[in-house]
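User: Please take a close look at one part of this structure, and carry on from there to whatever belongs with it. I am a first-year student, so a slow and careful account would help me.

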Amino acid sequence: MALRPDEFYDHALAAADDERRLPLARMTGWDISPFEPDGLRVASLRPPVLPEPPRHGEDAASCDLCRQRDDGIWFNERWRLTRVQGVGVPLVLMLLPLDHHDMADLPDELAAELGLLSTRIVRHVQALPHISRAHVYRFGDGAAHLHVWFFARPAGQAQLFGSWLVAWDDLLPEYPADLADADAALVADALVASHGGRRVSDPAASLPA
């Protein structure tokens, strides 16, 4: 059984200083860290908040992601793929079910397709020129509607390796939107070829109802 919230907090505080600041993470010493350890300090650890505040879209009737179900670069009858705007890395895509599901309540059929889709999206992103890797993330603390992130790491940027990529993305200047749109279109076309579905730009295609 996991520690209770108060027990977890007390356990963490045992390693903190008088201001409730934990030591710097080992990750800050990695050569891929975007921050130099000198001058960094950890924020004070705040006590637990219970009950936790609701995530956006806990009630499907108020879910913005459900209302945006016609937005995307690729669709099939169950899923949509979107390009995230205003990012620093070459391409960030997001995969979402059309219906209101989180990962824990995803029907088995959709869960199986999520595995196939994720693999194919990664394959197509990594086939783009000058892209070395596609990183896949699912967090789920901000919204109750499942959304899976795909971050493209630019080739040769070894400092952007691994788990620090999201932090680097937030620090980098905005990537040229026309280039990201062109690469997103290549991924969407490849996904139509490998998985079916349709591009939103296809005039003969109807959007999912």
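Analyst: In this predicted model, E19 forms a salt bridge with R21, and the closest N and O atoms of the pair are 3.0 Å apart. E19 is partly exposed, with a relative accessible area of 45%, whereas R21, at 17% relative accessibility, counts as buried because it falls under the 20% limit for that word. This pair belongs to a set of 13 salt bridges in the structure, and another of them joins D6 to R4, with the closest N and O atoms 3.1 Å apart. In that second pair D6 is partly exposed at 37%, and R4 is also partly exposed, at 46% relative accessibility.

A further salt bridge, between R69 and D99, has its closest N and O atoms 3.6 Å apart. Here the pair links distant parts of the chain, since R69 sits in the loop between helix 2 and strand 1 while D99 sits in the loop between strand 3 and helix 3, 30 residues away. D99 is partly exposed, with a relative accessible area of 46%. Elsewhere, R55, E58, D102 and R138 are joined into one network by salt bridges that share partners.

Uncharged side chains also come to the surface. L24, F35, L40 and L171 form a nonpolar patch there, and together they have about 310 Å² of accessible area. Of these residues, L24 is found in the loop between helix 1 (5–13) and helix 2 (64–67), and its relative accessible area of 34% makes it partly exposed.

The loops that hold R69 and D99 lead on to the sheet. Six strands form an open sheet in the order 4-5-3-2-1-6, and the pairing is antiparallel. Strand 4 (131–137) and strand 6 (198–199) stand at the edges with a single partner strand each, so one side of each has no neighbour in the sheet.

Within the sheet, strand 1 runs antiparallel to strand 2 and is joined to it by two bridges, with F75 having R80 of strand 2 as its bridge partner. A hairpin of three residues connects strand 1 to strand 2. Strand 2 is in turn joined to strand 3 by five bridges, again antiparallel, and T82 has M94 in strand 3 as its bridge partner. Strand 3 (residues 91–97) then pairs over five bridges, in the antiparallel sense, with strand 5 (residues 148–154), where L91 stands opposite A152.

In a regular strand the side chains alternate between the two faces of the sheet. For strand 2, W79, L81 and R83 lie on one side and R80 and T82 on the other, and all of these residues are buried, so that both faces are covered. Strand 2 is thus mostly covered, with five of its five residues buried.

Helix 3 (residues 108–126) lies across strand 1 (74–75), strand 2 (79–83), strand 3, strand 4 and strand 5, and it runs at about 155 degrees to strand 4. H124 has its place in this helix, and at 12% relative accessibility H124 counts as buried. Leaving aside its neighbours within four places in sequence, H124 is in contact with V187, A190, L191 and S194.

Notes. Residues are numbered from 1 along each chain as its sequence is written. This is a predicted model: local features need pLDDT of at least 70, side-chain atom pairs count only at pLDDT 80 or more; totals for chains, interfaces and linings use all residues. Side-chain values use heavy atoms; hydrogens and water are left out. Two strands pair if DSSP finds at least two bridges between them. Helices (H or I, at least four residues) and strands (E, at least two) are DSSP runs, numbered from the N terminus. Contact means heavy atoms within 4.5 Å. Axes are lines fitted to C-alpha atoms, for helices over the stretch in contact, and angles run from 0 to 180 degrees between N-to-C directions. Buried means under 20% relative accessible area, exposed over 50%, partly exposed in between (1.4 Å probe, protein chains only). Patches are made of residues with over 30% relative accessible area and no salt bridge: like charges are joined within 9 Å, nonpolar side chains (Val, Leu, Ile, Met, Phe, Trp, Tyr) within 5 Å. Accessible areas come from the Shrake-Rupley method with a 1.4 Å probe; for residues, only the protein chains shown count as cover. A salt bridge is a side-chain nitrogen of Lys or Arg within 4 Å of a carboxyl oxygen of Asp or Glu.
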